[in-house]
Structures are given as C-alpha cells and as structure tokens.
Amino acid sequence: MAPNLEGGPSESDPNQYMADTHCRADGPDTVDPGCLALSCPAKTLGGEEGTPVIWKQAPKSITNPGWTNWIPISGPTCLYDAQPENVLANIAARILNDFRQLPVNPGTLEAQPFPHTLKGGPTNFYTTATEQAFNVTILGQAVHLTATPASFTYNFGDTTSLGPTPAAGYAIPEADWLLNKTRTSHIYTETGNYPATITTSFTGTYSVNNGPPLPINGTLDLTTPPKTIQVWKTERALVADTCQENPKSWGCPEAEK
C-alpha cells in the first residue's frame, strides 16, 4: 500500500490522506493508465523528476484503512518530493506561516454618510473584503491557497467597537442614511474626528498538487488604515434671508464662524 499521510494541519479535519504512488485508482489491481502515462518532468535544470500519484482520503476514525476505505479525490497528478510520504506533513508544519505571508487585500472600511456624519444618527459601516486565491510553490510543490473573510471587528475610533462578528455589512440607499440602523451601524454621541478601522480575520485552505483542500489551523488578521469620520451636530434657527439674498446670513457658506 502507498504511504499513509495521516495528521495534517487541523484536528478538525475528519479525514486522513495518502498519495498512491502506484497509480491504483480503486483497488490493489486497478491501475489508472492515465497516471502511468503521466509525465512529471523536473521543474528546474538538473532537478528531480516528479512522481505520478492519485490522492485518496479515508476517515481518521478508521485505523489502518483497507482499499475499500480509501476514496480517490483527485485524478493523476505529479508529486515533487524525494520522499512523497513526508510532503504533506512537511508543508502542514509551515503552512500557517506561509498563509500569513500572502499579499491578501484586507479590503476597505466604508461609511455612510462619509466623510461627515451627524451626532446621534446611525452611521452605516461595511467592508469590501472578499475571498482571494493564490498559487505558490512550497518545498517544490504546487500549492493552491484560499483566504476567506470569516469575521470582522469594527473599531469606531471613539473607544467603542463591534465584534468579532460574521457581519460584513452592506451598502444602503442614501435615503436611509442617518435614519435606518443596520447590524453594523454606529451612533456617535459626541462631535469630533474619529479614526475608524476594521480588522478582518481570514480563514484559509490549501491543496497540494491538485490534492484535497485542507483547512489551515489559524487565521490571518488584517487591519485597514484608519478612515477619519467627522461627526457634526445640527442646529436650527429662524433667518430672514436666503443664502442667495444674503450669503453672510446664519448657516450660509460665507457666514462668520
């Protein structure tokens, strides 16, 4: 039997994996001709050729799985490692660090209204963070990673915050600004300028050489640059003239401050 690639990056993964180096698709006597014919040339001049394999999985609850327990989960693919039985364990040991080095875009924090809002009115916040995918090479293997926004922490800049929460928020029509409160709205109780940010926690998965997607045990937490929210207050007064008639009248742009 091909080497059993047990363990992996997360105890929450219920499966164990193996790379069948003998290209057997469904049993000890069923050979995949496409795997046998697969060419795995060296990736670098003078480098080692790869090994044609078929990735399989079985439940971790089964000790020493038999052929009926191993289920193929990928077609023939190339595995580049001098010791194929170690490649998943070696990558799993470093995958969280590699994940945290990815150039993941944290998105932006958006506010409605912006840049000015009003004291006492609900200001709607939301983020533009999205799922992102990357193809990298780790220990000579082709690794596909995904980073998915999972939770968000809103810091409104006035010593209050919201989260972690799964709510990414959403844009609302201008007619609803300062009137309707959303799950991610915030009401400022004092005037002033407040540096608001959002921290997004990304979870990840990775697959080796088109193998099964495996969960990454850990998160990548990214915080956006501060966005200044200017909180104003409203005042009312009776005036005799319009701003066209008297530009210096109270409340008009040319009025004395």
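Colleague: I'm starting at the hairpin, so to speak: which residue in β13 is the bridge partner of N155?

Modeller: The bridge partner of N155 in β13 is S161. Before going on, please keep in mind that this is a predicted model, in which local features need pLDDT of at least 70, side-chain atom pairs count only at pLDDT 80 or more, and totals for chains, interfaces and linings use all residues. Residues are numbered from 1 along each chain as its sequence is written, and side-chain values use heavy atoms, with hydrogens and water left out.

Colleague: And how many bridges do β12 and β13 have, and in which sense do they pair?

Modeller: β12 and β13 pair in the antiparallel sense over 3 bridges, where pairing asks that DSSP finds at least two bridges between two strands. The strand names come from DSSP runs numbered from the N terminus, with strands (E) of at least two residues and helices (H or I) of at least four.

Colleague: What sits between those two strands?

Modeller: They form a hairpin with 5 residues between them, and G157 in the turn has a positive phi of about 85 degrees. T159 lies in the loop between β12 and β13, and its phi is near 75 degrees, which is a positive value in a residue other than glycine.

Colleague: Is T159 buried or exposed?

Modeller: T159 has 83% relative accessibility, so it counts as exposed; the scale calls a residue buried under 20% relative accessible area, exposed over 50% and partly exposed in between, with a 1.4 Å probe and protein chains only.

Colleague: Where else does a residue other than glycine have a positive phi?

Modeller: One such residue is N64, whose phi is near 50 degrees. N64 is found in the loop between β5 (51-59) and β6 (71-72), and its relative accessibility is 65%, so N64 counts as exposed.

Colleague: Switching to aromatics, how many pairs are there?

Modeller: The count is 3 aromatic pairs, under a rule by which rings of Phe, Tyr and Trp (its six-membered ring) pair if their centres lie within 6.5 Å, and planes under 30 degrees apart count as stacked, over 60 as edge-to-face and the rest as tilted. In one of them, the ring centres of F125 and F156 are 5.1 Å apart and the planes stand at 55 degrees, so that pair is tilted.

Colleague: Where in the chain do F125 and F156 lie?

Modeller: F125 is in strand β10 (residues 122-127) and F156 is in the loop between β12 (141-155) and β13 (161-165), and with their positions 31 residues apart in the numbering the pair links distant parts of the chain. Both F125 and F156 are buried.

Colleague: What about Y154 and F156, and why does that pair get its label?

Modeller: The rings of Y154 and F156 have centres 6.3 Å apart and planes at 15 degrees, so the pair counts as stacked. Y154 and F156 are both buried, and F125, Y154 and F156 form one aromatic cluster.

Colleague: Which residue lies over the face of F114?

Modeller: K227 does, at 5.0 Å from the ring centre, the test being that NZ of Lys or CZ of Arg is within 6 Å of the ring centre and within 35 degrees of the ring normal.

Colleague: Now disulfides, how many does a search of the whole structure find?

Modeller: The search finds 2 disulfides, a disulfide being a pair of cysteine sulfur atoms within 2.5 Å. One joins C23 and C35, whose sulfur atoms are 2.1 Å apart, and this link is left-handed, with -55 degrees about the S-S bond. C23 lies in the loop between β2 (15-20) and β3 (24-27) while C35 is in helix α1 (residues 33-36), so the pair ties together parts that are 12 residues apart in sequence.

Colleague: What does the disulfide of C40 join it to?

Modeller: C40 is joined to C78, with an S to S distance of 2.0 Å, and the link is left-handed, with -85 degrees about the S-S bond. It links distant parts of the chain, as C40 is in the loop between α1 and β5 and C78 is in strand β7 (residues 77-79), 38 residues apart. C40 and C78 are both buried.

Colleague: Last topic, which peptide bond into P164 is cis?

Modeller: The bond from G163 to P164 is cis, with omega near 5 degrees, and P164 has its place in strand β13. The bond from Q112 to P113 is also cis, with omega near 0 degrees, and P113 lies in the loop between β8 (109-112) and β9 (116-118).
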